[in-house]
Amino acid sequence: LAKELGRSERILKILTPSEDDKEWKDGHGDLTVVCISDTHTHHENLGTLPEGDILIHSGDFTSTGRPKNIEAFLKWFGGQPHKH
(Lines give C-alpha, C1' and ligand atoms only; values in the text may rest on other atoms or scores of the structure.)
Protein backbone atom coordinates (compact mmCIF):
# COMPACT_ATOMS: atom_id res chain seq x y z
CA LEU A 1 0.00 0.00 0.00
CA ALA A 2 1.21 3.50 -0.69
CA LYS A 3 -0.18 6.80 0.51
CA GLU A 4 0.50 10.12 -1.16
CA LEU A 5 1.79 12.74 1.26
CA GLY A 6 0.22 16.10 0.45
CA ARG A 7 -1.34 17.16 -2.81
CA SER A 8 1.68 19.08 -4.09
CA GLU A 9 4.25 16.47 -3.11
CA ARG A 10 5.27 13.52 -5.26
CA ILE A 11 6.51 11.49 -2.30
CA LEU A 12 4.92 8.17 -1.44
CA LYS A 13 5.01 6.60 1.98
CA ILE A 14 4.98 2.81 1.98
CA LEU A 15 2.44 1.44 4.42
CA THR A 16 2.58 -2.07 5.80
CA PRO A 17 -0.87 -3.54 6.48
CA SER A 18 -1.50 -4.60 10.04
CA GLU A 19 -3.36 -7.75 11.05
CA ASP A 20 -6.47 -5.74 11.83
CA ASP A 21 -6.45 -3.74 8.60
CA LYS A 22 -9.88 -4.76 7.30
CA GLU A 23 -9.47 -3.09 3.91
CA TRP A 24 -6.31 -5.08 3.22
CA LYS A 25 -7.89 -8.37 4.26
CA ASP A 26 -11.02 -7.86 2.15
CA GLY A 27 -9.87 -8.67 -1.36
CA HIS A 28 -6.34 -7.36 -1.41
CA GLY A 29 -3.68 -9.99 -1.89
CA ASP A 30 -0.04 -9.80 -2.82
CA LEU A 31 1.03 -7.25 -5.41
CA THR A 32 3.90 -8.14 -7.73
CA VAL A 33 5.89 -5.39 -9.44
CA VAL A 34 8.22 -6.22 -12.34
CA CYS A 35 10.88 -3.58 -13.03
CA ILE A 36 13.09 -3.29 -16.10
CA SER A 37 15.33 -0.43 -17.16
CA ASP A 38 17.69 0.93 -19.76
CA THR A 39 16.78 -1.51 -22.50
CA HIS A 40 18.11 0.82 -25.25
CA THR A 41 16.04 -0.78 -28.08
CA HIS A 42 16.95 -4.31 -26.89
CA HIS A 43 13.62 -4.92 -25.11
CA GLU A 44 12.74 -7.87 -27.35
CA ASN A 45 15.92 -9.64 -26.24
CA LEU A 46 14.58 -9.89 -22.69
CA GLY A 47 12.47 -12.91 -23.56
CA THR A 48 9.43 -13.61 -21.40
CA LEU A 49 9.22 -11.28 -18.43
CA PRO A 50 8.21 -12.58 -15.00
CA GLU A 51 4.51 -12.52 -14.20
CA GLY A 52 3.31 -9.55 -12.22
CA ASP A 53 0.59 -7.01 -11.61
CA ILE A 54 2.57 -3.90 -12.52
CA LEU A 55 5.31 -3.49 -15.12
CA ILE A 56 7.63 -0.51 -14.70
CA HIS A 57 10.27 0.55 -17.20
CA SER A 58 12.73 3.15 -15.96
CA GLY A 59 15.65 4.66 -17.77
CA ASP A 60 16.13 4.79 -21.53
CA PHE A 61 14.20 2.50 -23.85
CA THR A 62 15.91 3.81 -26.99
CA SER A 63 19.43 4.92 -27.77
CA THR A 64 18.50 7.62 -30.26
CA GLY A 65 14.82 8.48 -29.75
CA ARG A 66 13.92 7.79 -33.36
CA PRO A 67 10.16 7.52 -33.96
CA LYS A 68 10.40 3.95 -35.29
CA ASN A 69 12.23 2.86 -32.10
CA ILE A 70 9.66 4.57 -29.90
CA GLU A 71 6.78 2.95 -31.80
CA ALA A 72 8.40 -0.49 -31.60
CA PHE A 73 8.92 -0.15 -27.85
CA LEU A 74 5.37 1.07 -27.22
CA LYS A 75 3.95 -1.83 -29.25
CA TRP A 76 6.06 -4.34 -27.30
CA PHE A 77 5.38 -2.73 -23.91
CA GLY A 78 1.64 -2.51 -24.60
CA GLY A 79 1.62 -6.19 -25.54
CA GLN A 80 2.92 -7.33 -22.15
CA PRO A 81 0.41 -9.24 -20.00
CA HIS A 82 0.81 -7.12 -16.87
CA LYS A 83 -2.44 -5.46 -15.77
CA HIS A 84 -0.83 -2.08 -15.07
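In the predicted model, serine 63 is exposed, with a relative accessibility of 54%, and its place is the loop that joins strand 4 to helix 2. Because exposed is taken to mean over 50% relative accessible area, the value of 54% puts serine 63 in that class. Once neighbours within four places in sequence are set aside, serine 63 is in contact with His40 and Thr41. The approach to histidine 40 can also be described through the backbone, since the C-alpha atoms of serine 63 and histidine 40 are separated by 5.0 Å although the two residues stand 23 residues apart along the chain.

Both contact partners of serine 63 belong to another loop, histidine 40 being found between strand 3 and strand 4 and threonine 41 being placed in that loop as well. Histidine 40 counts as partly exposed at 26% relative accessibility, and threonine 41 likewise counts as partly exposed, at 32%. The backbone at these positions deserves a separate remark. Most residues other than glycine have a negative phi. Histidine 40, by contrast, has a positive phi near 45° while not being a glycine, and threonine 41, also a residue other than glycine, has a positive phi of about 70°.

The loop between strand 3 and strand 4 also holds histidine 43, for which a relative accessibility of 4% was computed, so that this residue counts as buried. Beyond its neighbours within four places in sequence, histidine 43 is in contact with Ala72, Phe73 and Trp76. Tryptophan 76 takes part in a further interaction, in that its backbone oxygen is reached at 3.2 Å by the side chain of glutamine 80. Glutamine 80 itself lies in the segment that follows helix 2 (67-78) and, at 17% relative accessibility, counts as buried. The threshold matters for this residue, because buried is taken to mean under 20% relative accessible area. With neighbours within four places in sequence left aside, the contacts of glutamine 80 are with Leu49 and Leu55.

The strands on either side of this loop, strand 3 and strand 4, pair in the parallel sense over five bridges, and one bridge within the pairing links serine 37 to serine 58 of strand 4. In a regular strand the side chains alternate between the two faces of the sheet. In strand 3, the covered face carries Val34 and Ile36, whereas Val33, Cys35 and Ser37 lie on the uncovered face. In strand 4, the covered face consists of Leu55 and His57, and the uncovered face of Ile54, Ile56 and Ser58.

Valine 34, located in strand 3 (residues 33-37), illustrates the covered side of that strand, and its relative accessibility of 7% is the reason why it counts as buried. When residues up to four places away in sequence are not counted, valine 34 touches Pro50, Glu51, Gly52, Ile54, Leu55, Ile56 and His82. For one of these partners, leucine 55, the C-alpha to C-alpha distance from valine 34 is 4.9 Å, with a sequence separation of 21 residues.

Isoleucine 56, by comparison, is found in strand 4 (residues 54-58) and belongs to the uncovered face of that strand. Its relative accessible area of 39% makes isoleucine 56 partly exposed. Together with Leu31 and Val33, Ile56 forms a nonpolar surface patch of about 260 Å², and Val33 is likewise assigned to an uncovered face, that of strand 3.

These local features belong to a protein chain whose secondary structure comprises two helices and four strands, with the elements running β-β-α-β-β-α from the N terminus on. Of the 84 residues in the protein chain, 15% are buried. The area exposed by the protein chain comes to about 6,900 Å², of which 51% is supplied by carbon and sulfur atoms. Among contacts in the protein chain with a separation of 6 or more, 27% are accounted for by residues 24 or more positions apart.

How values were computed:
Residues are numbered from 1 along each chain as its sequence is written. This is a predicted model: local features need pLDDT of at least 70, side-chain atom pairs count only at pLDDT 80 or more; totals for chains, interfaces and linings use all residues. Side-chain values use heavy atoms; hydrogens and water are left out. Buried means under 20% relative accessible area, exposed over 50%, partly exposed in between (1.4 Å probe, protein chains only). Contact means heavy atoms within 4.5 Å. A polar contact is a pair of N or O atoms within 3.5 Å; within protein, one must be able to donate a hydrogen and the other to accept it, and residues adjacent in sequence count only if both atoms are side-chain atoms. Patches are made of residues with over 30% relative accessible area and no salt bridge: like charges are joined within 9 Å, nonpolar side chains (Val, Leu, Ile, Met, Phe, Trp, Tyr) within 5 Å. Accessible areas come from the Shrake-Rupley method with a 1.4 Å probe; for residues, only the protein chains shown count as cover. A salt bridge is a side-chain nitrogen of Lys or Arg within 4 Å of a carboxyl oxygen of Asp or Glu. Two strands pair if DSSP finds at least two bridges between them.
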